[in-house]
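Dear colleague,

Please find below the structure for your review. My notes on its features follow.

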Amino acid sequence: MRAEMTGEQTINRQTSAVQTLELVNEIGEMEGAVKERQSMDKNERWLQWAVRLQSIAQAGLYYGKDPFDQERYEQVRAIAAEMISDKTDIPMEKVKDLFCGEIGYQTPKLDTRGAVFKDDKILLVKESNGTWSLPGGWVDVDLSVKENVIKEIKEEAGLDVTADRVIAVQDREKHNRPIYAYKVCKIFILCSVTGGQFVPNLETVESCYFGLHELPALAEEKNDAKQIRMCFDAYHAEHWETLMD
């Protein structure tokens, strides 16, 4: 005959059942996360393929001489734009504006980010959507990288600065999401304040200094916590060596 379980055996069996259920739930969550990541990776591969097609088509349109080849390159570029629109839900017309407006050999866009410190805290600016970022933006066609980061900090934070040291030159898609329909080279620059103060502007609504362990919600498409930590490391280093992807 089967012996009755003691109270301790009952508790152990119940505990084991609970642990098994928790393990099953945890495995299910992990599988879900893996599938989500695989889906994201698949979409990113589609975007990368589309960008490569666009680059080939753009170069062909610029360097190609045969009118029939020109027509084929136009078709390739149109297909690449359709792929981008389909995978990102960006309207086709906007994709064409962003994706098909350039001529010549395709090169990455340049984005500068300024790292300004005070009392071991880093300056961030608040955008209209409530997220925070290092002051910066696209490099204007008539400005150098140094001139641009100085201009962006003045526009977004109201501060006059000197650009002192290049912290890092990064391939954006190796660090930030979502993947864009074009390549971006991000340049982080350590800066020092010489004057000025925040003034209301069209791009940012506030500026503030934050410690490394008190960061607000970040605009992670522009800079994430790892990139902010990298800036802190550069600020603390006596001799910083520029990081490059």
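A term is needed before the notes begin: on a 1 Å grid over the protein atoms alone, a pocket is an open set of points with protein on both sides within 12 Å along at least five of seven lines, and its lining residues have an atom within 4 Å of a point. Please also bear in mind that this is a predicted model.

Overall architecture

The chain holds 5 helices and 8 strands. Read from the N terminus, the order of these elements is α-α-α-β-β-β-β-α-β-β-β-α-β. Of the 245 residues in the chain, 34% are buried. Where contacts join residues at least 6 apart in sequence, 67% of them link residues at least 24 apart.

Pockets and cavity

The second largest pocket has a volume of about 150 Å³. Its lining comprises 13 residues, and those nearest the centre are Q106, T107, P108, Y182 and K183. Two elements, α1 (7-63) and α3 (92-99), each give two or more residues to this lining. Helix α1 supplies the largest share, with 4 residues. Sorted by class, the lining of the second largest pocket has 5 nonpolar, 5 polar and 3 charged residues.

The largest pocket encloses about 300 Å³ of space. It is lined by 16 residues, of which D111, R113, G137, W138 and K222 are the closest to its centre. Strands β1 (109-118), β4 (136-138) and β6 (184-196) each contribute at least two lining residues, and the largest share, 3 residues, comes from β4. The class count for the lining of the largest pocket is 9 charged, 4 polar and 3 nonpolar residues.

How many cavities of 30 Å³ or more does a search of the whole structure find? The search returns 1, and the largest cavity holds about 30 Å³ of space. Its lining is made up of D171, R172, E173, Y180, Y182, K183 and V184. By class, these are 4 charged and 3 nonpolar residues, with no polar residue. Y182 and K183 thus appear in the lining of the largest cavity and also among the residues nearest the centre of the second largest pocket.

Aromatic rings and charges

Across the whole structure, 7 aromatic pairs are found. One of them, Y62 with Y63, is edge-to-face because the ring planes stand at 90 degrees, with the ring centres 4.9 Å apart; the cut-off for that label is an angle over 60 degrees. Y62 is partly exposed, at 47% relative accessibility. A single aromatic cluster is formed by F117, F232 and Y235.

Two tyrosines that line the largest cavity, Y180 and Y182, also have a charge over the ring. The charged end of R172 sits over Y180, 3.6 Å from the ring centre. K109 lies over the face of Y182, at 5.4 Å from the ring centre.

Two buried residues

V116 belongs to strand β1. It is buried, with a relative accessible area of 0%. The C-alpha atom of V116 is 6.4 Å from that of L190, although the two residues are 74 apart along the chain. Leaving aside residues up to four places away in sequence, V116 touches K121, I122, L123, I153, V161, C191, V193 and Y209.

S85 lies in helix α2 (residues 67-88). Is S85 buried or exposed? Its relative accessible area is 15%, so S85 counts as buried, the limit being under 20%. Again leaving aside residues up to four places away, S85 touches I90, P91, M92 and V95.

Backbone features

The peptide bond from R177 to P178 is cis, with omega near 5 degrees. P178 is located in the loop between β5 (159-171) and β6.

The loop between β1 and β2 (121-127) contains D119, and D120 is found there as well. D119 is not a glycine, yet its phi is positive, at about 55 degrees. D120, also a residue other than glycine, has a positive phi near 60 degrees. D119 is exposed, at 69% relative accessibility, whereas D120 is partly exposed, at 39%.

Yours sincerely

Key. Residues are numbered from 1 along each chain as its sequence is written. This is a predicted model: local features need pLDDT of at least 70, side-chain atom pairs count only at pLDDT 80 or more; totals for chains, interfaces and linings use all residues. Side-chain values use heavy atoms; hydrogens and water are left out. Rings of Phe, Tyr and Trp (its six-membered ring) pair if their centres lie within 6.5 Å; planes under 30 degrees apart count as stacked, over 60 as edge-to-face and the rest as tilted. Buried means under 20% relative accessible area, exposed over 50%, partly exposed in between (1.4 Å probe, protein chains only). A charge sits over a ring if NZ of Lys or CZ of Arg is within 6 Å of the ring centre and within 35 degrees of the ring normal. On a 1 Å grid over the protein atoms alone, a cavity is a set of points where a 1.4 Å probe fits but cannot get out, and a pocket is an open set with protein on both sides within 12 Å along at least five of seven lines; lining residues have an atom within 4 Å of a point. Grid points are joined across faces, edges and corners, and a volume is the space filled by probe spheres set on the points. Ala, Val, Leu, Ile, Met, Phe, Trp, Tyr, Cys and Pro count as nonpolar, Asp, Glu, Lys and Arg as charged, and the others, Gly among them, as polar. Contact means heavy atoms within 4.5 Å.
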